[in-house]
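Here are a few exercises to work through with the model open. Try each task before you read its solution.

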Amino acid sequence: RKMTSSSSSSSSTELKRLLGIDGSVEMTEDDLTQCMGVFKRFSSNDRIPVSKLKEAFDALQLYVNEEIVDAHLKRDVQSMEFYDFASLVCSKKAKKRRSTHAVLFSIFGFLDKDQDGFIGAQELKETMDVLGEIGTDEKVNKMIGQLDRGGTGKVSYEDFVIMLRRSIEEPL
């Protein structure tokens, strides 16, 4: 269950298997590397003190409430191995992703006025009008064309998420 500092990508693949991380959680190699780096920074003797969990989660930009720390302390758990820490991080990342997905899906649902699973040109134009943007047919069709990977003339939820990801990673 322990990983050493000389762990390779095969050991992180093994860790993913042990943690039961599948495509629904999407804990990437970068996530694991970041998790291991934070664990090393806050641990001693290959264990992280429960009292340092909040700081460690802050370093990972994840929220952990005092109740989790208190629950571990009440069970007389003073520290944890990397496996247990990574499992906790994994569950927090999964919850954060599910929460993000729920928000994005709500926004998409708002834009998808006819609830057909796609945002069409007319729906985009109406949304732009509500937001005070002038949605000319040319502008709307250009936007749809940039987002529509399937060539359907409509934007799917997946296209919508990809567009948002790109806009976050590569700000305009």
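**Exercise 1. Is F108 buried or exposed, and which ring does F108 pair with?**

Start with the surface. This is a predicted model, and in it F108 has a relative accessibility of 4%. The cut-off for buried is under 20%, so F108 counts as buried.

Now look for the partner. The ring centres of F108 and F160 are 5.5 Å apart, with the planes at 55°. Edge-to-face needs planes over 60 degrees apart and stacked needs them under 30, so this pair goes down as tilted.

Next, place the two rings. F108 belongs to helix α5 and F160 to helix α8, so the pair ties together parts that are 52 residues apart in sequence. F160 is buried as well, at 6% relative accessible area.

**Exercise 2. Work out the geometry of the F105 and Y157 pair, and how open each residue is.**

Begin with the total: the pairing rule gives 6 aromatic pairs. For F105 and Y157, the centres sit 5.2 Å apart and the planes meet at 70°, so call this one edge-to-face.

Then trace the elements. F105 is in helix α5 (residues 82-111) and Y157 in helix α8 (residues 157-169), so here too the linked parts are 52 residues apart in sequence.

Finally, check the exposure. Y157 is buried, with a relative accessible area of 12%, while F105 is partly exposed at 47%.

**Exercise 3. Find what else the aromatic rings are doing.**

First, follow the ring pairs through F39, F57, F82 and F85: they link these residues into a cluster. Then turn to F110, where K113 lies over the ring face at 4.0 Å from the ring centre.

**Exercise 4. Sort the two sides of helix α2.**

Check the helix itself. α2 covers residues 29-42, which is 14 residues, and spans 20 Å from first C-alpha to last, close to the 20 Å expected at 1.5 Å a residue.

Now list the buried residues: D31, L32, C35, M36, V38, F39 and F42. Their arc around the axis is only 165°, which puts them on the same side of α2. On the face turned away from that buried side you'll find the exposed residues D30, T33 and R41. Notice that F39 turns up twice, in the buried set of α2 and in the ring cluster.

**Exercise 5. Do the same for helix α6, then see what comes after α6.**

Buried in α6 (residues 121-130) are E123, L124, T127 and M128. They take up an arc of only 135° around the axis, so they share the same side of α6. Carry on along the chain and α6 is followed by G132, whose phi is positive, near 85°.

Then bring in the annotation. An unreviewed UniProt entry places "domain: EF-hand" at residues 99-134 and 135-170. Across residues 99-134 the chain is 64% helix and 6% strand, and the end C-alpha atoms lie 32 Å apart.

**Exercise 6. Step back and describe the whole chain.**

Count the elements: 8 helices and 4 strands. From the N terminus on, their order reads α-α-β-α-α-β-α-β-α-α-β-α.

Next comes burial: 34% of the 172 residues count as buried. Last, take the contacts between residues at least 6 apart in sequence; 55% of these join residues at least 24 apart.

Key
Residues are numbered from 1 along each chain as its sequence is written. This is a predicted model: local features need pLDDT of at least 70, side-chain atom pairs count only at pLDDT 80 or more; totals for chains, interfaces and linings use all residues. Side-chain values use heavy atoms; hydrogens and water are left out. Rings of Phe, Tyr and Trp (its six-membered ring) pair if their centres lie within 6.5 Å; planes under 30 degrees apart count as stacked, over 60 as edge-to-face and the rest as tilted. Buried means under 20% relative accessible area, exposed over 50%, partly exposed in between (1.4 Å probe, protein chains only). A charge sits over a ring if NZ of Lys or CZ of Arg is within 6 Å of the ring centre and within 35 degrees of the ring normal. The expected span of a helix is 1.5 Å times one less than its number of residues. The arc is that of the directions from the helix axis to the C-beta atoms. UniProt positions are given in the numbering used here, feature names are shortened, and annotations may be inferred rather than shown by experiment. Contact means heavy atoms within 4.5 Å.
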